[in-house]
Amino acid sequence: MNKYEKILHWLILLAFLGLCATALAAEYFFSKEALMDSFKKSLPMLEISIAPADQFFISRIARRDTWDIHLYFGLAFTTFLLIWIWINFKRKNKRYLLLKTFFFTSSLTFALS
């Protein structure tokens, strides 16, 4: 691997970690249930009254930002992956062909999902 392929490899890893982090954050920290629970605890302490429907609407807005960031990480992951696949096909290196085929197929499936 040359230095550009190594950089590409690490960019793919960072994009994948970004995807994992934003998915976990959206699922656990910014889930509708977690945000609604935080409203139940914090709003009485601040002596603020917000209708439950509005609380739900606010929680959906908060989640949307997390999923937007997740989308950008997904686009970066897919772009870097397609570049890496193109480089590997261009080289026509038959070494570890089964492993590469499995990795590229599973990664593309992951990227398309």
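**Figure 1. Burial and overall form of the predicted model.** Buried residues, meaning those under 20% relative accessible area (exposed is over 50%, partly exposed in between; 1.4 Å probe, protein chains only), make up 24% of the 113 residues in the protein. This is a predicted model, where local features need pLDDT of at least 70 and side-chain atom pairs count only at pLDDT 80 or more, while totals for chains, interfaces and linings use all residues. Residues are numbered from 1 along each chain as its sequence is written, and side-chain values use heavy atoms, with hydrogens and water left out. There are four helices and zero strands, in the order α-α-α-α from the N terminus on; helices (H or I, at least four residues) and strands (E, at least two) are DSSP runs, numbered from the N terminus. The C-alpha atoms fill a box of roughly 65 × 25 × 15 Å along the principal axes. The radius of gyration is 20 Å, against near 13 Å for a compact globule of 113 residues; it is taken over C-alpha atoms, and the globule rule is 2.2 Å times the number of residues to the power 0.38.

**Figure 2. The surface and its charges.** About 8,600 Å² of the protein is exposed, and carbon and sulfur atoms supply 70% of that area. Accessible areas come from the Shrake-Rupley method with a 1.4 Å probe; for residues, only the protein chains shown count as cover. As for charge, there are 14 positive and 8 negative side chains, with the centres of the two sets 22 Å apart. Lys and Arg count as positive and Asp and Glu as negative, with His and the chain ends not counted; each charge is placed at NZ of Lys, CZ of Arg, CG of Asp or CD of Glu.

**Figure 3. Helix 3 and its packing partners.** Helix 3 takes in residues 52-91, 40 residues in total, and reaches 58 Å from its first C-alpha to its last, close to the 58 Å expected at 1.5 Å a residue. That expected span is 1.5 Å times one less than the number of residues. Its buried residues include Gln55, Arg63, Gly74, Phe77 and Trp84. The buried set packs against helix 1 (3-29), helix 2 (32-46) and helix 4 (97-112). Just after helix 3, Lys92 takes a positive phi of about 60°.

**Figure 4. Helix 1, with Glu5 in view.** The 27 residues of helix 1 should span 39 Å at 1.5 Å a residue, and the end C-alpha atoms agree at 37 Å apart. Among its buried residues are Leu8, Ile12, Leu19 and Ala26, and the buried residues of helix 1 pack against helix 3 and helix 4. Glu5 sits in this helix too, and counts as buried at 2% relative accessibility. Setting aside neighbours within four places in sequence, Glu5 is in contact (heavy atoms within 4.5 Å) with Ile87 and Arg91.

**Figure 5. Leu108 on helix 4.** Leu108 belongs to helix 4 and is partly exposed, with a relative accessible area of 28%. Beyond its neighbours within four places in sequence, Leu108 is in contact with Leu81, Leu82 and Ile85. Thr78 is 30 residues away from Leu108 in sequence, yet the two lie 7.5 Å apart in space, C-alpha to C-alpha.

**Figure 6. Glu47 in its loop.** Glu47 is found between helix 2 and helix 3, and is exposed, with a relative accessible area of 74%. Its phi is near 55°, a positive value in a residue other than glycine. Most residues other than glycine have a negative phi.
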